[in-house]
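This report describes selected local features of one model. Please read it alongside the sequence and coordinates shown here.

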Amino acid sequence: MSERDLILYGTEEEVPPLRIMGCGPLGFALSGGNVRDITWGGMEVLRAISFVVRDSRWGTYAPPISDLEISEAPDRLSVSYGAAVDGAEGDFAWRATISATADGSLSFEARGGSRRGFTTNRTGFVVLHPLAGVAGRPVEVLHTDGSRETASFPELVDPSQPIFDIRTLTHSPVPGLTVAVTMEGEAYEMEDQRNWTDASYKTYVRPLAKGYPYAIAAGEAVEQRITLKITGAVPAVRGTAARTGGLNFAPAGKMPEIGLALTSWSDAAPVVTSYLVGRIDLRAGPSDLPAGRETPVDLDVIIPGRDPDQELARLAHLASMPRRVLVVPARDMVSRPPGEVPAGEADGEAIVAAARRLFPRSMVGGGMLVGFPELNRNRPPAGVDFVAHSTSAIVHAADDRSVMETLEALPAVIASARAFAGDIPYRLGPATIGAPQAFYPAPSAPNPENARKPTADADPRQRGLFAAAFAIGYAAAVAGQVEALTLGATSGAAGIMGPGGPYPIATAVKWLAELAGCPFLRATAPAGLAVLAAEHLSGRVVLAANLSASPVALDLSGRHEVSVLDAEALARGRVARRSEVNGPVTLDAYAICRAVAA
């Protein structure tokens, strides 16, 4: 692993390269034995077909593949391999075969079993449909009993499973093109992965109603197959190779306030931000309460909810301090049936009313300290002053591309929250790559190997330039739609600084915080770039980030004072390279850029 990779990703983990394959107009990438980025004539028709093996905590095994055999010809190809897991929860081994032909057919089959039994939450196929050409569009469903119905891929984020008992899904991403996916070996059902900011609809094996974890018995055979059939003319799409072009701007509201979460009450912010937010868990003892802090912070309060007035009275000494108070019943920190309030506990309206009595000069909000799924299933009480939730980008997948793809889902998440919360201030974050236990409802996974790992409590990319690009991309996706954006924490697993000083993301947070409250200009930009602009006292400021590992050109019309933070600058120990530019600027892998019109 090179110094450059450590600067970019914060880890020495080696990532196997994608193998690009195809025959005729059908193309896909082979990654870790699974198929992703399935295209027809260059247009994405499916995001992925994967055979996944998960443990009883939803952790995904990533065993090495063996006996890989690949055969390629102009009109057909085939891939076969073996894989196996063996651990504390048992063993499971399987053989997979992938075949494709130029007429638009692809088959992915897996056969496996266990020698001594295996405990799992899911072992089998997962199919991901992308958002473009899919969201809100009709889909024909063939059920396992042979019946058919016309349904639709949800436009707003569905808090539950939108389609059950699936054998085949058929949709048309563009007129004249049909994509049919047949799933065999078990009944399948769909969930809207945008709940977790995954940019896909996921159809998976084994209905959740059957229970989990479950056991695959010793000697039991597991046989499943996914068949994809694409019919229709090859669409005329613009190639993705064109990665340069000018920028177009349109007014779209205001830049959000930018904040950080306090990891401890004694922390100081590494950069100047609009606000700080501190968390208080009233289930804990008095040592959990802040003491002696002069800087005002907003409060996120976890409350048992049995006697809200008495429980919140412990915060009487803070009553004049915060601008905003988010009060979340402890029961809402995990998924539960919508509207269910355990006996003996106060409902949301009573908790909000108690908070208003104690904090009469503060905005009192409703929502979640954790992800959007919990908010989508347990809506905030009426009459709150703002709505809030956090996000993590590695709930289901942790590869670099999947993390950046989560930015595609953010507009739908915001629109869905607006649909039930109305036009009230929206407080978003902490928005993190990793899944620190404080911001994620399920048990997070330890990550001593410093790897790209789903639901990891600490993601190594937080220390790399990757996180800086992600932060700019996140802000570009939500600016003009939310009033406050918390981009991580002061320190710790989601922090913008570590023992050795600020991470690259600190520069991104600083640049964004300088624009808080300024008129926001939404930008149309070339593929691979995230761009936003704001009208600042110093002039029009453009912030851009390369969301990929390949160089991208940012075309700036007119003279600009430009600062670029990239791997080269960081390797030399400089914060950013500065120059005067009139024209294109090349941004290397995950570089971020600040340009001020001169």
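Pro 213 sits in the loop that joins strand E16 (201-205) to strand E17 (214-216); helices (H or I, at least four residues) and strands (E, at least two) are DSSP runs, numbered from the N terminus. The peptide bond that leads from Tyr 212 into Pro 213 is cis, with omega near -5°. A cis bond also joins Gly 429 to Pro 430, with omega near 5°, and Pro 430 belongs to strand E26.

The model is predicted, so that local features need pLDDT of at least 70 and side-chain atom pairs count only at pLDDT 80 or more, while totals for chains, interfaces and linings use all residues. Residues are numbered from 1 along each chain as its sequence is written, and side-chain values use heavy atoms, with hydrogens and water left out.

**Confidence**

The protein chain has a mean pLDDT of 91, and 94% of its residues reach 70 or more; pLDDT is the predictor's confidence in each residue, from 0 to 100. Over residues 239-245 the pLDDT is below 50, and this stretch has 13 contacts in the model beyond near neighbours in sequence. Contact means heavy atoms within 4.5 Å. Where pLDDT is low, the predicted coordinates should not be read in detail.

**Two loop residues**

Pro 159 is found in the loop between strand E12 (148-152) and strand E13 (163-171). With a relative accessible area of 27%, Pro 159 is partly exposed; buried means under 20% relative accessible area, exposed over 50%, and partly exposed in between (1.4 Å probe, protein chains only). Leaving aside neighbours within four places in sequence, Pro 159 is in contact with Asn 195, Asn 376, Arg 377 and Arg 379. The C-alpha atoms of Pro 159 and Pro 373 are 6.5 Å apart in space, although the two residues are 214 residues apart in sequence.

Gly 185 is in the loop between strand E14 (177-184) and strand E15 (188-192). Gly 185 is exposed, at a relative accessible area of 53%. Apart from neighbours within four places in sequence, the contacts of Gly 185 are Arg 167, Glu 223 and Gln 224. From the C-alpha of Gly 185 to that of Val 205, 20 residues away along the chain, the separation is 8.4 Å.

**Helices H6 and H7**

Helix H6 (residues 410-421) has 12 residues and reaches 16 Å from its first C-alpha to its last, close to the 16 Å expected at 1.5 Å a residue. The expected span is 1.5 Å times one less than the number of residues in the helix. Buried in H6 are Leu 410, Ala 412, Val 413, Ile 414, Ser 416, Ala 417 and Ala 421. These buried residues pack against helix H4 (372-377), strand E25 (387-392), E26 and H7.

H7 has 14 residues and reaches 21 Å from its first C-alpha to its last, close to the 20 Å expected. Because 14 of the 14 residues of H7 are buried, the helix is largely enclosed by the rest of the structure.

Positive phi values occur after both helices and in the loop between E26 and H7, as tabulated.

| Residue | Place | Phi |
|---|---|---|
| Gly 422 | follows H6 | near 80° |
| Asn 450 | loop between E26 and H7 | about 60° |
| Thr 455 | loop between E26 and H7 | about 55° |
| Gly 480 | just after H7 | about 85° |

Asn 450 is partly exposed, with a relative accessible area of 23%, whereas Thr 455 counts as buried at 11% relative accessibility.

**The second largest cavity**

Rolling a probe the size of a water molecule over the atoms shows where empty space is left. The structure holds four cavities of 30 Å³ or more. On a 1 Å grid over the protein atoms alone, a cavity is a set of points where a 1.4 Å probe fits but cannot get out, and lining residues have an atom within 4 Å of a point. Grid points are joined across faces, edges and corners, and a volume is the space filled by probe spheres set on the points.

The second largest cavity has a volume of about 50 Å³. Its lining includes Ala 431, Thr 432, Ile 433, Gln 462, Phe 470, Leu 487 and Ile 505. Strand E26 (426-432), helix H7 (465-478) and strand E27 (484-489) are the elements that give two or more residues to this lining. H7 gives the most, with three residues. The lining residues of the second largest cavity divide into eight nonpolar, three polar and no charged; Ala, Val, Leu, Ile, Met, Phe, Trp, Tyr, Cys and Pro count as nonpolar, Asp, Glu, Lys and Arg as charged, and the others, Gly among them, as polar.

Methods: 1 Å grid on protein atoms, 1.4 Å probe; cavity = no way out; pocket = protein on both sides within 12 Å on 5 of 7 lines; lining within 4 Å.
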